[in-house]
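Visitor: I'd like to know what stands behind the labels people put on a model like this one. Could you take me through them?

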Amino acid sequence: MQPNAEQMAILQAIHERHPFIAVNALAGTGKSTTVNFAVNGGPLQGRSVQYLVFNKKNADEAREKLPGFVKVNTAHSLAWNGTHPAGGLIRNVYANRRVDRLYGTLKSWNDPRFLGFLRSMKDVRLSKAQSIFLVQDILTSFCQSADDQVGLHHLDEQLKTQISMKLARSGNEKFLESTLNAAQEVVNDIFQKMLDPGGNAPVTHDAYLKIWSMGRPVIPADHILFDEAQDASMPMMEGVLSQTHAQLVFIGDTHQSIYGWRGAVDAMQALKHRHPETRVLPLQSSYRFGQGVADAGNVFLTALYEKERTPVEFRAFLRGLGNYDSRVEMDAAQGMDRKPTAYLFRGNAALVTAALRGLDRGDKVYMAGDQAKEIADFLEACCKLYRREFTPHPDLRFFDDFQELQKFTDTREGQGLAFLVDMVANQHGVLEREIGMLRATSHQQGADYTLSTMHRSKGLEFSHVTLDVGVQKPFEIDEETGERPVFSEVPAEVWRLLYVASTRAHETLYLNGLMTAILTNVDGIPQPVRAAVHALDRYRIDATPRADWETREFPPVPEPRLIGVPFSQVNLTPSWVKPDNTAMHPPGFEATETREPMTPVPWPATGMFH
């Protein structure tokens with residue numbers, strides 16, 4: 001297997017030691033394969049390489065595939081084995097203080113300052129448990145930020161609404177500000193005690209990662225490859241960006257940055273913003289699907305670029321090179337041999353409804369990931385609240401009774417829970433059958449089809465994907481006012497989720513009228529988006545056979561702007577395999593560095609490129 005032209009351009013840039021490289025890898029374009037090319041017979045063979053991945057599962061998989069000289073870590077494991085700002089290894093400093101969650105430890109923590117805070121919260125009718133949860137949530141948000149001090153902006157708006165409602169019920173609404181200020185102050189105090197190497201404050205995983213990043217750590221490697229960089233937390237990003245001695249290669253899909261709600265940032269664009277000389281190179285050729293699905297993804301990419309005025313360097317369009325006869329059906333029709341293998345939903349309401357209906361029909365349903373467990377756990381906890389029993393569930397711990405929870409679902413922050421809360425109310429807290437059925441959907445083997453929200457479908461792949469009609473919600477006309485949605489006001493998050501969802505399919509994508517809703521209902525749609533939508537007609541189920549429309553080199557609409565090296569101009573003989581080590585810049589490369597690039601490292605003529 002040989003690298004394609006886009007991968008070759010990336011390998012060449014690594015070899016030339018450009019200090020900052022951002023690899024903008026679209027869906028299914030071979031990020032892992034590119035890393036493999038770099039370290040197995042490529043420019044990083046035998047070099048000092050640190051590969052950072054998103055979670056432990058990814059780390060275990062990478063260790064199995066990559067050669068032993070590549071150090072593979074998650075950011076947390078790197079921090080745990082790193083240096084504390086006050087000196088010494090973090091794993092030694094916090095060996096007896098590390099905890100998974102603060103709640104259990106804080107319940108029995110005899111710190112005078114913290115105990116005083118708990119006593120003061122009794123005056124506004126916050127229980128000990130609720131006071132600890134409040135502290136825990138603020139501290140978690142702070143530890144996922146780049147801030148040096150805790151502020152009230154670290155309090156989630158949903159949680160703030162819950163506390164406000166609780167204080168109002170007990171007649172203490174006038175003390176809301178003082179209550180939150182007290183929580184802010186005690187969280188600052190706890191974090192300072194976490195920082196103290198000789199202290200006794202418990203330290204969470206997010207806290208020691210934050211503390212590690214604050215010490216301007218040095219990662220002992222000459223080349224740092226940072227995978228899934230579009231989903232980095234701020235401390236993670238800052239810890240990597242502080243490495244002035246190493247070549248930084250950030251790899252990710254800036255358009256799949258969908259976790260901003262939990263503190264994630266797009267380190268790809270942050271790298272370019274901080275270092276304008278960053279070389280941005282795309283991976284656009286996807287072998288996951290054919291051009292039909294690729295062009296469906298390009299519709300949402302085009303909308304995202306128009307919406308956010310994305311910098312030209314980060315604009316890329318998918319080329320579908322997979323060995324699939326990919327089709328995109330705009331309406332509800334289905335192909336005889338293309339029965340959906342996955343259904344993707346906007347939220348939990350439609351997901352749960354589809355799961356229960358399928359199970360009632362006798363279908364074998366699989367709910368991807370941990371979604372079944374999470375929903376079943378919530379319903380179980382909600383039933384306890386209905387029966388006036390205590391529940392520590394994170395979404396319910398600030399409600400004294402079920403009626404209070406119902407009022408919360410009428411607010412903007414709580415509307416996402418409305419469907420599940422109504423289920424409990426309608427069944428009078430008796431949902432054993434439904435909860436049992438949902439738990440049964442956590443088994444994938446032998447399932448007829450998979451169900452998932454769009455959010456949780458990231459990283460998954462299916463043969464034939466149907467987008468539920470509920471994904472059209474952001475494009476619906478308001479029934480009461482007749483107000484039409486406006487393109488400029490549709491959140492970028494909507495387009496990102498649709499891009500992620502549409503590119504889960506290998507062979508068939510059923511859009512269920514989504515494009516019709518967009519074109520018919522939304523005002524101010526830019527012409528490039530309209531053109532991209534209309535181009536999908538060529539990929540319908542009953543369209544012309546593949547040979548006429550799916551073997552083109554580039555997607556016809558919109559015309560892609562190639563960033564990096566055009567296929568026709570790529571030098572497929574990489575300079576690092578030449579004995580004289582003369583750096584050959586492929587035609588089309590423009591030197592953009594504002595500081596002198598690192599000296600290319602000689603590379604022997606070995607491995608797959610020989």
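Visitor: How many disulfides does the structure hold?

Guide: Zero. A disulfide here is a pair of cysteine sulfur atoms within 2.5 Å. Take Cys382: the nearest cysteine sulfur, that of Cys383, is 6.5 Å away, and Cys382 is in no disulfide. A word on the ground rules: this is a predicted model, where local features need pLDDT of at least 70 and side-chain atom pairs count only at pLDDT 80 or more, while totals for chains, interfaces and linings use all residues. Residues are numbered from 1 along each chain as its sequence is written, and side-chain values use heavy atoms, with hydrogens and water left out.

Visitor: Why is Cys382 called buried?

Guide: Buried means under 20% relative accessible area, exposed means over 50%, and partly exposed is in between (1.4 Å probe, protein chains only). Cys382 comes out at 0%, so buried is the word. Cys143, at 3%, counts as buried too.

Visitor: What makes Arg288 and Glu461 a salt bridge?

Guide: The rule asks for a side-chain nitrogen of Lys or Arg within 4 Å of a carboxyl oxygen of Asp or Glu. Arg288 and Glu461 have N to O at 3.5 Å, and that makes a salt bridge. The two partners sit in distant parts of the chain, 173 residues apart: Arg288 is in the loop between strand E9 (285-286) and helix H14 (291-308), Glu461 in the loop between strand E14 (449-453) and strand E15 (462-467). Those elements are DSSP runs, numbered from the N terminus (helices are H or I with at least four residues, strands E with at least two). Arg288 is buried at 12%, whereas Glu461 is partly exposed at 41%. The count by this rule is 27 salt bridges.

Visitor: Which residues are linked in a network of salt bridges?

Guide: Glu329, Asp331, Asp537 and Arg540. Within that group, the closest N and O atoms of Arg540 and Asp331 are 3.6 Å apart, which qualifies as a salt bridge. Arg540 lies in the loop between helix H22 (527-534) and helix H23 (546-549), and Asp331 in the loop between strand E11 (327-329) and strand E12 (342-345), so the pair ties together parts that are 209 residues apart in sequence. Arg540 has 23% relative accessible area and is partly exposed; Asp331 is partly exposed as well, at 36%.

Visitor: Why is the pair of Tyr343 and Tyr449 called edge-to-face?

Guide: Rings of Phe, Tyr and Trp (its six-membered ring) pair if their centres lie within 6.5 Å; planes under 30 degrees apart count as stacked, over 60 as edge-to-face and the rest as tilted. The whole structure has eleven aromatic pairs. For Trp109 and Phe114, the centres are 5.7 Å apart and the planes at 45 degrees, so that pair is tilted. Both Trp109 and Phe114 are buried. For Tyr343 and Tyr449, the centres are 5.3 Å apart and the planes at 75 degrees, so this pair is edge-to-face. Tyr343 belongs to strand E12 and Tyr449 to strand E14, so the pair ties together parts that are 106 residues apart in sequence.

Visitor: How do you know that the span of helix H9 is close to the expected one?

Guide: The expected span is 1.5 Å times one less than the number of residues. Helix H9 (residues 157-169) has 13 residues, which gives 18 Å expected, and from first C-alpha to last the helix reaches 19 Å. Just after H9, Gly171 takes a positive phi of about 75 degrees.
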